[in-house]
Amino acid sequence: MPVTNDSQLVEAAIQASEQAYIPYSNYRVGAALLTASGQVYGGCNIESVSFTPTVCAERTALYKAVSEGHRDFAAIAVVTRDAGSPCGVCRQMMYEFSPEMRVILADLEGRVQLTTTLDALLPHGFGPSNLDNAS
Ligand code: THU
């Protein structure tokens, strides 16, 4: 089913959250990333007993999409029990590709709490253009 609106993207994020591997935090996260070409990549958080290798749902979705050839993103929906906001590492990683993408934050029942942009979540961010004149 092609995703055409925010509530469908949130629904895809809820579906993705069902695969979350969260034995340590029990904090379930699902993400659904919409490419500029209209495809949706889901992701969940995947934890590790040694903690550091844990990957967030947003980056799971991002890495899936980039590894399939996508670099341009229109929006991401993220769902958690409290409509939590993406961590700083995920903000930076998404900023690499699409600083202007929309970010939709919702709870696990699909109630949207905030719709914003990545630019607003990472103001004055450090991005690829900063290295444009690197030799
Ligand atoms: N987590 C995410 O998946 N996304 C975020 O932006 C915040 C944190 C995950 C990582 C870990 O599995 C759990 O939530 C608690 O930090």
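Tutor: A disulfide is a pair of cysteine sulfur atoms within 2.5 Å. Keep that cut-off in hand as we go through this structure, which is a predicted model.

Student: Good place to start. How many disulfides does that rule give here?

Tutor: The count is 0. Take C44 as a worked case: the closest cysteine sulfur belongs to C56 and lies 11 Å away, too far for a bond. C44 is also buried, at a relative accessible area of 9%.

Student: And what about C90?

Tutor: C90 is in no disulfide either; the nearest cysteine sulfur is that of C56, 3.8 Å away. With the limit at 2.5 Å, a pair must come within that distance to count. C90 is buried too, with a relative accessibility of 0%.

Student: Let's turn to the sheet. In what order do the strands lie?

Tutor: Reading across, the order is β2-β1-β3-β4-β5, an open sheet of 5 strands with mixed pairing. The edges are β2 (40–44) and β5 (112–117), each of which pairs on one side only. On average, neighbouring strands are turned by 15 degrees against each other, direction ignored.

Student: Which pairs run parallel or antiparallel?

Tutor: Start at β1 (30–35). β1 runs antiparallel to β2, with 5 bridges between them, and antiparallel to β3, with 6 bridges. β3 (residues 73–79) and β4 (residues 102–106) run parallel and are joined by 5 bridges.

Student: Which residues could I click on to see the register?

Tutor: Try three pairs. G30 has C44 as its bridge partner in β2, L34 stands opposite A75 in β3, and I76 stands opposite V103 in β4. The C44 in the first pair is the buried cysteine we met above.

Student: What connects β1 to β2?

Tutor: They form a hairpin with 4 residues between the strands, and G38 in that turn has a positive phi of about 95 degrees.

Student: How do I read the two faces of a strand?

Tutor: In a regular strand, side chains alternate between the two faces of the sheet. In β1, both faces are covered: G30, A32 and L34 are buried on one side, and A31, L33 and T35 on the other. That agrees with the tally for β1, where 6 of its 6 residues are buried.

Student: Where does helix α2 pack?

Tutor: Helix α2 (residues 57–67) packs on the sheet and touches β1, β2 and β3; its direction makes about 140 degrees with that of β2. T60 is a useful residue to inspect in α2. T60 is buried, at 14% relative accessibility, and among residues over four places away in sequence it touches G43, C44, I46 and V55.

Student: Now α1. How do I tell which side of a helix faces inward?

Tutor: List the buried residues and look at where they point around the axis. In α1 (residues 6–17), the buried ones are L9, V10, A13, I14, A16 and S17. They cover an arc of only 160 degrees, which places them on the same side of the helix. The face turned away from that side carries the exposed residues S7 and Q15. The cover over the buried residues includes β1, β2, β3, β4 and β5.

Student: How does the length of α1 compare with what it should span?

Tutor: It agrees: at 1.5 Å a residue, its 12 residues should span 16 Å, and the end C-alpha atoms are 16 Å apart.

Student: Which residues are buried in α3?

Tutor: In α3 (residues 88–95), they are C90, R91, M94 and Y95. Seen down the axis they fall within an arc of 135 degrees, so they line one face of the helix. Their cover includes α2, β3 and α4 (118–121).

Student: Last topic: backbone angles. What should I look out for?

Tutor: Most residues other than glycine have a negative phi. F51 has a positive phi of about 65 degrees although it is not a glycine. F51 sits in the loop between β2 and α2 and is exposed, at 56% relative accessibility.

Student: Where does H124 lie, and what is its phi?

Tutor: H124 lies in the segment after α4, and its phi is positive, near 55 degrees. H124 is exposed, with a relative accessible area of 84%.

Terms used:
Residues are numbered from 1 along each chain as its sequence is written. This is a predicted model: local features need pLDDT of at least 70, side-chain atom pairs count only at pLDDT 80 or more; totals for chains, interfaces and linings use all residues. Side-chain values use heavy atoms; hydrogens and water are left out. Two strands pair if DSSP finds at least two bridges between them. Helices (H or I, at least four residues) and strands (E, at least two) are DSSP runs, numbered from the N terminus. Axes are lines fitted to C-alpha atoms, for helices over the stretch in contact, and angles run from 0 to 180 degrees between N-to-C directions. Contact means heavy atoms within 4.5 Å. Buried means under 20% relative accessible area, exposed over 50%, partly exposed in between (1.4 Å probe, protein chains only). The expected span of a helix is 1.5 Å times one less than its number of residues. The arc is that of the directions from the helix axis to the C-beta atoms.
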